[in-house]
Amino acid sequence: MIDLTADEARRVILRAQGLIGADARKGGVQGMLRRLGAVQLDTISVLARSHELVAYARLGAVGRPTVEHAYWHNPARSFEYWCHAACILPIEHWPLYSFRRRAYRERRYRWHEVPDGVEKLLDQVRDSGPLTTSDVGGAKNGGPWWDWSDAKIGLEWLLDIGELVCTRRVGWRRVYDLADRAVPADLLAEDPSDEECIARLAAIAGRSLGVANRTDLLDFLRLKGRYAAILDEVLLSGAAGLVPVTVSGWPAGKKGQGNAWADPAAVASEPRGRHRTTLVSPFDSLIWHRGRTERVFGFTYTLELYVPKHKRVHGYFTMPVLAGGRLIGRVDPAREGSTLVARQVHLEPGLSPARWADAVREALWSAADWVGCDAVRVERADPPELIPLLNA
């Protein structure tokens, strides 16, 4: 049994996530995607879309077109599917999600009832080539965002069950193509069992997270029911390739067992190198599990865009500030022309403005330069004495 202090576990996690050391930049965006295993997608764009922010946080000012090209390219090097949420995934992981595709096929339902006529949609893609929802009448019926058209429901269903795949986007619209055309034949030919899928995905999640308890792994892969039971089996049997560890201060595990799991390579050496100073997307895998964020960093975080405006404390799209291997505060960013505006900046309680203002300023100006802004303005701060230090 390996014993880790909470600080040791935190540093292992940061290195696994590509936020410590120069090695994290190897392989560019594609290397980053393979280290993380999954990059979450989201429609919201404040400074940039989340999948771009995730790359920026680790690689610095890599051009946004370069990021897009690395994710969506022909031939396909990645694809979109359901992991923690809707994610970009390395193309070689295609076989590992066959357990989920089989489950969707058996249920024939996810968010909507599957309409009749999906076979005609599949034939249209087969005969006419890749298409978007605009090619089949649009994605919506005219109501709220979830009021999808039958064509949109059908295309998404065919994606869920693996008949179609999205390996690129045009104007943020998915381009649906036949899996038979877009996915390499050797990957299509693989048909791993549910147990093998989950064992291999648990290994990927473990490498991405560095150190993780059972809840973290379940959240990364969004497993429940019999699939959660399979995860338990492959962890205990060693099939997932992760080793049990005990992290001081984390919730206790079962008697005689550790309270977490680790990638053996991650705990084989001490993390070294420079820590990244950066703003972090709310949908970054470093913090997407809020309970883990509090456990690892002592940082309580709520994404307040889902909170009524009059009840917000920190702002609409608050981005945590990572510096020195810690989450030191949060920023609610916006853009006004060529100015990055920090509507609110909050430093964590007990931290000295004089000590941490430079790190916050670096995070703000670095992000501003990346998105093409040549000025930064801080409107409000807590504590207030941050404002002159940041606007200097």
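These are my notebook entries on a predicted model of one protein chain.

**Ground rules**

I am working from a predicted model, in which local features need pLDDT of at least 70 and side-chain atom pairs count only at pLDDT 80 or more, while totals for chains, interfaces and linings use all residues. I number residues from 1 along each chain as its sequence is written, and my side-chain values use heavy atoms, with hydrogens and water left out.

**Entry 1: the whole chain**

I began with the inventory: the protein chain has 15 helices and 15 strands. Both kinds of element are DSSP runs numbered from the N terminus, helices being H or I with at least four residues and strands being E with at least two.

Next I looked up the overall dimensions. The C-alpha atoms fill a box of roughly 65 × 55 × 40 Å along the principal axes. The radius of gyration is 22 Å, which agrees with the value near 21 Å for a compact globule of 392 residues. That radius is taken over C-alpha atoms, and the globule rule is 2.2 Å times the number of residues to the power 0.38.

I then checked burial, and 57% of the 392 residues are buried. Here buried means under 20% relative accessible area, exposed means over 50%, and partly exposed lies in between (1.4 Å probe, protein chains only).

For contacts (heavy atoms within 4.5 Å), I considered those with a separation of 6 or more. Of these, 63% join residues 24 or more positions apart.

**Entry 2: helix 3 and its partner**

How many residues of helix 3 are buried? I found 10 of its 10 residues buried, and the list includes polar-looking entries to scroll past such as Ser50, His51 and Arg58. Just after helix 3 comes glycine 60, with a positive phi near 80°.

I followed helix 3 (residues 50-59) to helix 14 (residues 353-370): they pack at about 125°, with axes 12 Å apart. The axes are lines fitted to C-alpha atoms over the stretch in contact, and angles run from 0 to 180 degrees between N-to-C directions. Helix 3 is therefore oblique to helix 14. By the cut-offs, under 35 degrees is roughly parallel, over 145 roughly antiparallel, 65 to 115 roughly perpendicular, and the rest oblique.

The crossing of helix 3 and helix 14 is right-handed, meaning that the near helix is turned clockwise from the far one by less than a right angle (anticlockwise would be left-handed). On the helix 3 side I noted Glu52, Leu53 and Tyr56, and on the helix 14 side Ala363, Ser366, Ala367 and Trp370. I sorted the residues of this contact into five nonpolar, one polar and one charged. In that sorting, Ala, Val, Leu, Ile, Met, Phe, Trp, Tyr, Cys and Pro are nonpolar, Asp, Glu, Lys and Arg are charged, and the others, Gly among them, are polar.

**Entry 3: helix 11, helix 12 and the loop between them**

I turned to helix 11 and helix 12, whose axes come within 11 Å and cross at roughly 130°. Helix 11 is thus oblique to helix 12, and the crossing is right-handed. Arg214, Leu217 and Leu218 of helix 11 meet Ala228, Leu231, Asp232 and Leu235 of helix 12. This contact has five nonpolar, no polar and two charged residues.

Arginine 222 sits in the loop between helix 11 (214-221) and helix 12 (226-237). Its phi is near 55°, a positive value in a residue other than glycine. Arginine 222 is partly exposed, at 44% relative accessibility.

Which residues does histidine 84 touch, leaving out those up to four places away in sequence? I found Gln40, Asp219, Phe220, Arg222 and Trp288. Histidine 84 lies in the loop between strand 3 (78-82) and strand 4 (86-90) and is buried, at 4%.

**Entry 4: other loop residues**

Leucine 96 is in the loop between strand 4 and helix 5 (98-107) and is buried, at 2% relative accessibility. Beyond four places in sequence, leucine 96 contacts Cys197, Arg200, Leu201 and Ile204.

Tryptophan 172, in the loop between strand 5 (164-170) and strand 6 (173-178), also has a positive phi, near 70°. Its relative accessible area of 22% makes tryptophan 172 partly exposed.

Last, I looked up a cis peptide bond: it joins aspartate 382 and proline 383, with omega about 5°. Proline 383 lies in the loop between strand 15 (381-382) and helix 15 (386-391).
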